[in-house]
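Welcome! Below are a few exercises with worked solutions, so take a look at the chain and then work through them one step at a time.

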Amino acid sequence: MTYWEKANHSWTADSTRFILTPKQKSRDLFYYIQEIGYFKANKPYFTERENLPSYLMKFTLSGTGELHYQDEVYTLKAGDIFFIDCKNYQYYKTISSEPWEMDWVHFSGGNTESFYHEFIKNGSNILHTNSENVRNNPIHLLMEKLLQLQKDPNAKTDFESSVLVHELLNELILQKYQMDFADSEIPEYILDVKSYIDENYRQGVTLEDLEKHFHLNKYQIVKDFSKFMGQPPVDYQISCKISYAKDLLRYSNLSIKEISLEAGLDNFAYFSRLFKKKTGISPSEYRRTDRVIKEWVGKLFVNTFQK
């Protein structure tokens, strides 16, 4: 597929952009920036392109833009962010009488593709944030830092840029899932639910148990626990069981069937399937791999001190 682009570059004199050519080492190791800028773009500013091997994040500070992408049309106002894969057709433009003011960055590398697919899980390439405080939004502040870094590059710039791009992607996902909360904002009862599961997961805790114990609707518990703990109570309980099973596989001589029972899973076949689903390997493979590593470390230790 051939890359093509059409554009009108009607941005103001105080707009800034940097076009970069990352070293091969940076492309292999890091998240890397291909192009970055800050624009105040007047009508008839637009960009239309396809088949560019790059991801683009654009954060609107003021004015209004419009994005055509994947058969959808989005209006972009202050606080709106779009994140797109530029291999797909895209068309965006200024539609307000005042300039469309924006931070933007083209980048790739690292786990960008995985972050992108996580971001668009709900079918939208847009995130709406608080429009009243856009210049204090961490996404804007991170993009400002990235832009400043490119003004006086040195041997550390690619590494520092990679760290900031990773932080930017993390912040984007945090804000998308409304996880940009302080620890002090986690409801006390959610911490109590977590402690209750920690203490009782081997016996098994159902949503009905939680509903009865905490005198709250189970659906509300699931909603709040998922928001503040990152996963539903049932999934958290499974993680506790698998982690406990890992510990027993490594540090006990119990059989795998006995470990399954100890973890509160009396169906051995289900335990084995669940363990492999969560870890990528079977319980027996996990135990065997751990013992091989321990033997290797032991031999290395002996040989080191015999020299």
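## Exercise 1: Two backbone oddities

His215 sits in the loop between α6 (207–214) and α7; helices (H or I, at least four residues) and strands (E, at least two) are DSSP runs, numbered from the N terminus. Before going on, please note that this is a predicted model, in which local features need pLDDT of at least 70 and side-chain atom pairs count only at pLDDT 80 or more, while totals for chains, interfaces and linings use all residues. Residues are numbered from 1 along each chain as its sequence is written, and side-chain values use heavy atoms, with hydrogens and water left out.

**Task.** Describe the phi and the exposure of His215 and of Asp71.

**Solution.**
1. Start with the backbone: His215 has a positive phi of about 55°, although it is not a glycine.
2. Next, check the surface: His215 is exposed, with a relative accessible area of 70%. Here buried means under 20% relative accessible area, exposed over 50%, and partly exposed in between (1.4 Å probe, protein chains only).
3. Now turn to Asp71, which is in the loop between β6 (65–69) and β7 (72–76).
4. Asp71 is not a glycine either, and its phi is positive at about 65°.
5. Asp71 counts as exposed, at 84% relative accessibility.

## Exercise 2: A peptide bond to find

**Task.** Is the peptide bond from Lys43 to Pro44 cis or trans?

**Solution.**
1. Locate Pro44 in the loop between β3 (31–41) and β4 (46–50).
2. Read omega: it is near 5° for the bond from Lys43 to Pro44, and this bond is cis.

## Exercise 3: Along the chain and through space

**Task.** Place Lys227 and Glu98, and give a C-alpha distance for each.

**Solution.**
1. Lys227 belongs to helix α7 (residues 218–229) and is partly exposed, with a relative accessible area of 35%.
2. Lys227 and Leu61 are 166 residues apart in sequence, and their C-alpha atoms are 28 Å apart in space.
3. Glu98 is in the loop between β9 (90–94) and β10 (100–109), and is partly exposed at a relative accessible area of 40%.
4. Glu98 and Lys40 are 58 residues apart along the chain, with 9.0 Å between their C-alpha atoms.

## Exercise 4: Looking inside

**Task.** Which residues have the most contacts inside the largest nonpolar core?

**Solution.**
1. A nonpolar core is a set of buried Ala, Val, Leu, Ile, Met, Phe, Trp, Tyr and Cys residues joined through side-chain atoms within 4.5 Å.
2. The largest such core has 46 residues, and Leu67 and Phe82 have the most contacts inside it.
3. Leaving aside neighbours within four places in sequence, the contacts (heavy atoms within 4.5 Å) of Phe82 include Leu56, Leu67, Tyr92, Trp100 and Ile126.
4. A second, separate core has 29 residues, including Ile221, Phe225, Phe228 and Tyr236.

## Exercise 5: The overall form

**Task.** Why is the chain described as more spread out than a compact globule?

**Solution.**
1. Count the elements: the chain has eleven helices and eleven strands.
2. The radius of gyration is 25 Å, well over the 19 Å that the globule rule gives for 307 residues, so the chain is more spread out than a compact globule. This radius is taken over C-alpha atoms, and the rule is 2.2 Å times the number of residues to the power 0.38.
3. The C-alpha trace spans about 70 × 65 × 40 Å along its principal axes.
4. To finish, buried residues make up 43% of the 307 residues.
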